[in-house]
Amino acid sequence: MAALIFGALLAVALRAETGRGFNAADWAALRFTLVQATLSALFSVLLAIPVARALARRRFRGRSLLIALLGAPFILPVIVAVLGLIEVFGRGGWVSAALGTLGLPPVQIYGLHGVVLAHVFFNLPLATRLVLQGWQEIPAERFRLAALLGIDGWAMFRVIEMPMLLRLIPGAFTVIFAICLTSFAVALTLGGGPRATTIELAIYQAFRFDFDLGRAALLSAVQLGLTVFAGGIALWLARGEGFGSGLDRGLRRFDGKTITARWVDALFIGVAALFLLVPLMAIALSGLPGFADMPRQVWTAAATSLGVAALSTVLLLCMALPMTAAIATERGRMVEIAGLLGLAASPLVIGTGLFIAIRPYANPQDFALPVTALVNAITVLPFALRILVPRARDIVSRQGRLGLSLGMAGLPFLRHVLLPRLRAQIGFAAGLAAALSMGDLGVITLFADPNVATLPLQVYRLMGSYQMEAAAAASFLLLILSFAVFWLLDRGGHRHAET
Amino acid sequence: MLKLDAAHIRNGSFTLAADLTISGGATVAVIGPSGAGKSTLIEGIAGFLPVAQGRISWDGTDITDQPPGARPVAMLFQEDNLFPHLTLAQNVGLGLSPNLRLSAHDKTRVTEALDRVGLAGMATRKPGALSGGQRSRAALARVMLQDKPLLLLDEPFAALGPALRMEMLDLVAEIARETGATLLMISHAPEDARRITAQAVLVAEGTAHAPRPTGELLDNPPPVLRDYLG
């Protein structure tokens, strides 16, 4: 695993033409990357605070569903969301149409604000979950005491909630900043041009249009430096932040009973829910009519994507399960670090490295699909380990001694105890891997020749040739498939799993 | 014969010194104040804690460096004595093969063991569907099949009611008698110790003392034990 990543990085480092330095376009890409990531993180976190506050102190029907839905963007294919956002906020979209009836000019989605909009769409839910977790960790006694002392509204915010936020916000901001740094698919579809190109996109362009491997490698090195730096800070600030389980816990609140407070909360929850759901509905609405007569390439691409997702899932499990076992039985500090490497190297950087490494020996295009599956698996690995390792540690600490006393050390324990007991987590991790791989539009763009396409790439190509109806239908199919593979694997893991 | 030869068992920063011999087939209670090191003694013998110096041997064979599964030891913990995702038959079968590769003959023995402890017909149930007493019985069925010469109990029945606990202890005593196993059990209740053990090891102030007749020790307890018994 580490060898793979370091090998890719080494290939990048050897090819990088540091002597030539940065040209104006590279500087612009660096600047744009930082600006859009800052704005995206800022808006996501600022909006998340009132939404999370409202979710934390209100109980209503559908609340748990809404909170569960906040986890959905993680497996939502970027290209699907982008198309949905275009349907709503694009030039010919719903918002522009509404403005038109009022005699106002239509809105534009391409450029910086479009990129930021898409990033907020993806990261507002994540930020909300992170912040909501902070709220849920405030002990119930604190709120009871506050009620006893008559603390409400603004005073409640200052005395109890603000200190929590001050502790939590820097971490949440940095996590989202780091995620947006490596944004590729959003910039590819909504950005572009000299004024809206991220470094990741610049790597792709250096590759695809100029076939300037030296420049691609140099940009990769810069990108790597950025992500390692931001990722390191994020990891350090957000230690112990899990996947936000248990966010559903009912907590009795005594404050915020005024009419204004109720309306403000309802407004924020409503707007956030609409912002997340309307683009998806738009895809469903515009996708359904074209569903029956989709071009044949779409179905071929769908089959290809399912194959890539399956391979990627298998690869992920082959890496994650032995690593989990090693970490849980305390044999693998180094293994744990190797797992985190996937976070540091962005998919396009690893892809660039692999391309450079393969090229002297074979045509990289022949390896488009396996490389995509492999890079997808590496990307999911850190998340998979975060899902698997805590549970595995728990199993080893609770049942390790019983296993040892029965002479089950080694394989028998793995086979009869650890793996069966990890079923639910394995299913969840496999579901994430399959869904992410299904929807990924990254490395495949570097490697693919015109005859090969995964479903997201096919959607992108349809968009590029302005076949918007077919693109909508294909992305609706992609949406369904992504959620279906996740659901199937996750469900499969939960069935028969004992506590 | 179990022999602890000037053994120092390390448990974090705490060390328990033990220099004692327990004869084969003996039934021995381990008693002493809370935190004195009773569990440390048992876990050291089972191989879960390292021996810093000295040796532990069984019938002349040095077992100090053997892994827990290779020692002549069967053990019941305070809790989690069964794997919750395996059926009773599988859990008990682990006593015969840690791989769960069971021959037809093995399966018959598993069924017989379950019958013996009063769990006939429950082979396909999982621990979650059983009462606390039934879970204890299943764990004892496995101990029977493990057929190890040394049986260590770290208060596995502490969570059961008094009547049920007595029943389990009697079953343990019976099994130990049948298999000829040497029994070493931690006990907090003097009546438990009197009920099924002939000897008792006092663990206090970092030392495990040589065994003495249980009744005698409990009737004339040394000061540390008297404070504890109240």
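Student: In this predicted model, how many residues does each chain bring to the contact between chain A and chain B?

Tutor: The contact draws on both chains of the predicted model. Chain A gives 16 residues, and chain B gives 19 residues.

Student: Which helix supplies the largest share of the side of chain A that touches chain B?

Tutor: Two helices of chain A, helix 16 (368–405) and helix 17 (411–421), each supply at least two residues of that side. The residues of the side divide into 8 nonpolar, 4 polar and 4 charged. The largest share, 6 residues, comes from helix 16 of chain A.

Student: Which helix of chain A gives the most to the largest nonpolar core?

Tutor: In soluble globular proteins, nonpolar side chains tend to be buried together. Here the largest nonpolar core has 233 residues, and those with the most contacts inside it include A:Ile176, A:Ala384 and B:Val30. With 19 residues, the helix that gives the most to this core is helix 16 of chain A.

Student: Is helix 18 of chain A largely enclosed or exposed?

Tutor: Helix 18 covers residues 423–439 of chain A, and its end C-alpha atoms are 24 Å apart, which agrees with the 24 Å that its 17 residues should span. A residue counts as buried if 20 or more other C-beta atoms lie within 10 Å of its own. Of the 17 residues of helix 18 of chain A, 15 are buried, so the helix is largely enclosed by the rest of the structure.

Student: Why does A:Ala309 count as buried?

Tutor: A:Ala309 is found in helix 13 (residues 296–328) of chain A. Beyond four places in sequence, A:Ala309 is in contact with A:Ala434, A:Ser437, A:Met438 and A:Val485. A:Ala309 counts as buried because its C-beta neighbours inside 10 Å number 28.

Student: What distance separates the end C-alpha atoms of helix 11 of chain A?

Tutor: Helix 11 of chain A takes in residues 213–237, and its buried residues include A:Leu218, A:Leu219 and A:Leu224. At 1.5 Å a residue, its 25 residues should span 36 Å. The distance in the model agrees with that, at 35 Å.

Student: Which element of chain A has the lowest mean pLDDT?

Tutor: Chain A averages a pLDDT of 83, and 90% of the residues score at least 70. Over residues 240–248 of chain A, pLDDT stays under 50. Where pLDDT is low, the predicted coordinates should not be read in detail. Among the elements of chain A, helix 18 has the highest mean pLDDT, 92, and the lowest, 65, belongs to helix 14 (residues 333–344).

Methods. Residues are numbered from 1 along each chain as its sequence is written. Chains are lettered from A and ligands numbered from 1 in the order in which they are written. This is a predicted model: local features need pLDDT of at least 70, side-chain atom pairs count only at pLDDT 80 or more; totals for chains, interfaces and linings use all residues. Two residues are in contact if their C-beta atoms, placed from the backbone, lie within 7 Å. Helices (H or I, at least four residues) and strands (E, at least two) are DSSP runs, numbered from the N terminus. Ala, Val, Leu, Ile, Met, Phe, Trp, Tyr, Cys and Pro count as nonpolar, Asp, Glu, Lys and Arg as charged, and the others, Gly among them, as polar. The expected span of a helix is 1.5 Å times one less than its number of residues. A residue is buried if 20 or more other C-beta atoms lie within 10 Å of its own, exposed if 12 or fewer, and partly exposed in between; C-beta atoms are placed from the backbone. A nonpolar core is a set of buried Ala, Val, Leu, Ile, Met, Phe, Trp, Tyr and Cys residues joined through C-beta atoms within 7 Å. pLDDT is the predictor's confidence in each residue, from 0 to 100.
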